[in-house]
Amino acid sequence: MTWTSDCGTVRLFCGDCLDVLPTLEVGSVDAVVTSPPYNMIATTSPSGIYREHNHKLNAGYLSYSDDMSQPDYELWINKTCDQLSRVCRGTVWVNHKTRFIERQGRHPLRFITLPLFCEIVWDRGGSLTLNANRFAPSHEYIFGFNSPVYWDSSLNTAMTVWRILPERGVKDHPCPFPVEIPSRLIRATTQQGHCVLDPFMGSGTTGVAAVRLGRKFIGIELDPRYFELAKRRIEGELKRLPLFERAEGPR
C-alpha cells in the first residue's frame with residue numbers, strides 16, 4: 001500500500017523497509033531521520049514480568065516481535081543502515097539507546113558501522129526504569145552518520161545535550177518522537193525542497209516536521225495501523241500549508 005500527497009511532496013509506503021528501500025534510487029534523499037526498533041521486548045524483563053505483559057505495556061507493538069537474538073538484530077540493523085547509506089546522499093540520523101543483556105551494556109556504536117559525524121545525547125528528563133540495580137537511565141542517543149549535504153552554520157555553537165521531554169500527546173502510539181527532535185535535525189542538515197526519509201515512520205512525527213519546514217518526505221511503516229495514523233497526521237499538516245504550497249510543493 002502506498003500513498004502520495006496531491007502536491008507530490010509526500011510519499012508513504014506501508015511495508016517492510018528492507019523491501020521498499022531497494023526500490024528507491026541511489027542518492028534520492030538528502031537526509032534520514034529515524035528511530036528504529038530497539039529490540040528491547042525480551043521474553044522476561046529484569047523484574048520477571050512476562051513477555052505478554054511487556055507487550056501490553058508497549059501497546060501497539062503486537063504486529064512486530066521486537067525480540068530478535070542480539071546477533072540477528074545487529075545483522076538486521078546494519079543491513080538497514082547499508083540501504084539507508086545507498087539512498088541517502090547526506091546524513092543518516094538514528095535515535096537509539098544502550099541495551100543491557102545479561103547485565104552487560106551493548107552500546108549502539110559497537111554494532112552500527114557507518115562513519116560517525118555527530119553524537120547527541122537526548123536527556124528525557126526522567127526514567128521509567130527505576131528497579132534495574134544501576135543508575136536509572138534517563139537518556140538516549142541520536143547518532144548522525146555520514147556527512148551532510150548541507151549544514152546550517154548558525155548552529156555551530158549549539159550544544160550536543162538536548163533536554164526534551166517525551167511526547168505524550170499522540171494517541172494510539174506508545175512512544176512517539178517529540179517533534180522538536182526531527183525538526184532540529186532537519187533544519188540543521190537540509191534546505192527547503194530537500195527530501196527527508198524515515199524508514200520506521202511510526203506515527204509520522206518526522207513527516208510532520210518535514211512538512212512544517214518545507215521539505216519533501218518519504219515514509220515507510222510496517223504496521224498498517226501506524227501507517228494510517230501517520231497518514232492522517234501528515235495530511236493534517238499539509239492542509240495547514242498555504243494554498244500555493246499545497247498545489248506546487250515547497251519552494
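D123 in β7 (116-123) stands opposite R163 in strand β9 (residues 161-163). This is a predicted model, in which local features need pLDDT of at least 70, side-chain atom pairs count only at pLDDT 80 or more, and totals for chains, interfaces and linings use all residues. Residues are numbered from 1 along each chain as its sequence is written, and side-chain values use heavy atoms, with hydrogens and water left out.

**Strands**

- Helices (H or I, at least four residues) and strands (E, at least two) are DSSP runs, numbered from the N terminus.
- Two strands pair if DSSP finds at least two bridges between them.
- β7 and β9 are paired in the parallel sense, over 3 bridges.
- β7 also runs antiparallel to strand β8 (residues 139-145), with 7 bridges joining them.
- E119 has F143 as its bridge partner in β8.

**Second largest pocket**

- On a 1 Å grid over the protein atoms alone, a pocket is an open set of points with protein on both sides within 12 Å along at least five of seven lines, while a cavity is a set where a 1.4 Å probe fits but cannot get out; lining residues have an atom within 4 Å of a point.
- The second largest pocket has a volume of about 220 Å³, a volume being the space filled by probe spheres set on the grid points, which are joined across faces, edges and corners.
- Its lining has 14 residues, of which W151, L155, A158, M159 and W162 lie nearest the centre.
- β7 and α4 (180-189) are the elements that give two or more residues to this lining, and α4 gives the most, with 4 residues.
- The lining of this pocket divides into 10 nonpolar, 2 polar and 2 charged residues.
- Here Ala, Val, Leu, Ile, Met, Phe, Trp, Tyr, Cys and Pro count as nonpolar, Asp, Glu, Lys and Arg as charged, and the others, Gly among them, as polar.

**Second largest cavity**

- The structure holds 2 cavities of 30 Å³ or more.
- The second largest cavity has a volume of about 40 Å³.
- Residues lining this cavity include T34, P36, I77, C81 and F200.
- Helix α3 (residues 70-87) supplies the largest share of the cavity lining, 4 residues.
- The cavity lining has 7 nonpolar residues, 2 polar and no charged.

**Burial and cysteines**

- Of the 10 residues of α4, 7 are buried (under 20% relative accessible area, with exposed over 50% and partly exposed in between; 1.4 Å probe, protein chains only).
- Among the buried residues of α4 are I181, P182, L185 and I186.
- C7 counts as buried because its relative accessibility is 17%.
- C14 is buried, with a relative accessible area of 17%.
- The count of disulfides (pairs of cysteine sulfur atoms within 2.5 Å) comes to 0.
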